[in-house]
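Reader: Could you walk me through this protein, term by term? I'd like to see how each label is earned.

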Amino acid sequence: NTRFYSTSFAGTENPIVDDGGWLNGALNGIDWSDMQSTPGKAFGTQVGSIGADYDDSLILRRGRWPPNQDVRGKFFLTSRSGWTGNHEIEMLLRGTVVGGNCKLIEVLFSTVAGTTYCQIMKWNGPIGHAFEDFTELAVNNAFAPLNDGDEVRGVIDGGFITGYTRRGGGAWVKEIEYNMTNDATIYTSGAPGYGHWVNGAGAASTYGISEWSVTAWHD
């Protein structure tokens, strides 16, 4: 069977409740940060990694989801003024978050002009400091950072984890891929979601997503 959900974040909420179907990074996970929204925009509450290196803002959909997942988001950007460090948006796959433990697959995209990377990461459970609680599965260091209106996808299906972008209404372009066929550590279940990370100066509200959707299915 196939399951689908989409939203354009109609409310002003902190943390995001939307239809009541979200888990948040601080509200439910304690050690991470919640996601917030204004009409048509979702963005993080975490600012500059204060108190932890990787206390990303995140939301995951509640309930049981089929393991094959195609998560999509539409990026918004209002300004890069005053930005320093790294700023990312993250399509989350097969995730769980509860009281100090968060396991998921992350397909992340840089939004900083001149910072050219996208990555596929596995979160291993406890909050990460200095990268020790993450596993980098793949990296593309020749990635063109996102601009306002660009679309992104994270897909997990058929032995592969893949990240795509679509710019200017064109075709989807594969930016990064990881072959998980022989990787016994990859999670076999979990929920889709969205993450947001700021490492440096710059208001979290200056970028995020305006639309989010997931299609999930069994083989």
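Here is a short chat about the terms and the values behind them.

Author: Quick background: this is a predicted model, where local features need pLDDT of at least 70, side-chain atom pairs count only at pLDDT 80 or more, and totals for chains, interfaces and linings use all residues. Residues are numbered from 1 along each chain as its sequence is written, and side-chain values use heavy atoms, with hydrogens and water left out.

Reader: How do you know how many helices and strands there are in the protein chain?

Author: Both are DSSP runs numbered from the N terminus: helices are H or I with at least four residues, strands are E with at least two. By that rule, the protein chain has 15 strands and 0 helices.

Reader: What makes β3 and β4 run as antiparallel partners?

Author: Two strands pair if DSSP finds at least two bridges between them. Here 4 bridges join β3 (residues 35-38) to β4 (residues 41-44), so the pair qualifies. Thr38 stands opposite Lys41 in β4. The hairpin has 2 residues between the strands, and Gly40 takes a positive phi near 85 degrees.

Reader: Why does the radius of gyration agree with a compact globule?

Author: The rule, over C-alpha atoms, is 2.2 Å times the number of residues to the power 0.38. For 219 residues that gives a value near 17 Å, and the protein chain has 16 Å, so they agree.

Reader: And what share of the residues counts as buried?

Author: Buried means under 20% relative accessible area (1.4 Å probe, protein chains only). In the protein chain, 55% of the 219 residues are buried.

Reader: What about contacts?

Author: A contact means heavy atoms within 4.5 Å. Among those between residues at least 6 apart in sequence, 66% join residues at least 24 apart.

Technical notes: Buried means under 20% relative accessible area, exposed over 50%, partly exposed in between (1.4 Å probe, protein chains only).
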